[in-house]
Amino acid sequence: MSRIGKKPVELPQGVTAEVKGQTIEVKGPKGTRSFTATDDVTLAIDNGAVTVTPRGQSKRARQQWGMSRSMVANLVTGVSQGFKRELEIQGVGYRAQMQGKVLKLALGYSHDVDFVTPDGVTITAPKQTEIVVEGIDEQLVGQVAANIREWRRPEPYKGKGIRYKGEVVFRKEGKKK
């Protein structure tokens, strides 16, 4: 039995949801998002909460039950609060700055890296060593943050590179004589 799927998703103040067949559309102060569930689950709205129930006891129905409930919960969180990923840059001369919709990164290459901000995501650089990625789609925010991090991943000897805030980089000992 899915322990996640059993919980109903509460709709906070200012968030409305509408179910049409297998598609749920959630509207909130930050925008509108929708999700289409598989035929293995049923979506319903009652008493200001969205409930997801499986249409059978097959393994696939039980898998989709928890996954669909998590997707709906992410939609509600996205349109009400939004999602945020923070990145830190460590290294001498490594820095970031925003110029319009382009994030300019100086990462020790012979050229600056220009990262164009995709639609649905806002990128800010409050400091030269910090990058904040925000949006209402959790998957897109995480993917954009991962794409930025991929330009210079943290290396294990000096810890230089782009890392998630709070990420612990396992450090190695250098060569010995």
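These legends go with close-up views of a predicted model.

**View A. Strands 2 and 3 make a hairpin.** Here we zoom in on strand 2, residues 16-20, and strand 3, residues 23-28, which pair in the antiparallel sense. Five bridges hold the pairing. If you want a landmark, look for Glu 18, whose bridge partner in strand 3 is Glu 25. Two residues sit between the strands. In that turn, Gly 21 has a positive phi of about 65 degrees.

**View B. Strand 3 goes on to pair with strand 4.** Strand 4 covers residues 31-36 and runs antiparallel to strand 3, with six bridges joining them. Lys 27 is a handy place to start, as it stands opposite Thr 32 in strand 4. This connection is a hairpin too, and again two residues link strand 3 to strand 4. Strands of a sheet pair through backbone hydrogen bonds, so the backbone is the part to follow in views like this.

**View C. Strands 8, 9 and 10 form an open sheet.** The order is 8-9-10, and the pairing is antiparallel. Strand 8 (95-99) and strand 10 are the edge strands; each has a single partner strand, so one side of each has no neighbour in the sheet. On average, neighbouring strands here are turned by 25 degrees against each other, ignoring direction. Between strand 9 and strand 10 there are four bridges, in the antiparallel sense. To find your bearings, pick out Lys 104, which stands opposite Asp 114 in strand 10.

**View D. The largest nonpolar core has 19 residues.** Which residues have the most contacts inside it? They are Leu 103, Leu 105, Ile 123, Ile 131, Val 133 and Ile 148. Elements giving two or more residues to this core include strand 7 (83-90), strand 9 (102-106), strand 11 (121-124) and strand 12 (130-135). Helix 3 (138-149) is also one of them, and its four residues are the largest share. In soluble globular proteins, nonpolar side chains tend to be buried together.

**View E. A closer look at what Leu 105 touches.** Leaving out residues up to four places away in sequence, Leu 105 touches Ile 89, Ala 96, Val 113, Ile 131, Ile 148 and Trp 151, among others. Arg 95 and Asp 112 are also among the residues it touches.

**View F. Another core lies apart from the largest one.** This core has 17 residues. Among them are Ile 24, Val 72, Leu 75 and Val 76. Ile 24 takes us back to strand 3, residues 23-28, the strand shown in the opening views.

How values were computed: Residues are numbered from 1 along each chain as its sequence is written. This is a predicted model: local features need pLDDT of at least 70, side-chain atom pairs count only at pLDDT 80 or more; totals for chains, interfaces and linings use all residues. Side-chain values use heavy atoms; hydrogens and water are left out. Two strands pair if DSSP finds at least two bridges between them. A nonpolar core is a set of buried Ala, Val, Leu, Ile, Met, Phe, Trp, Tyr and Cys residues joined through side-chain atoms within 4.5 Å. Buried means under 20% relative accessible area, exposed over 50%, partly exposed in between (1.4 Å probe, protein chains only). Contact means heavy atoms within 4.5 Å. Axes are lines fitted to C-alpha atoms, for helices over the stretch in contact, and angles run from 0 to 180 degrees between N-to-C directions.
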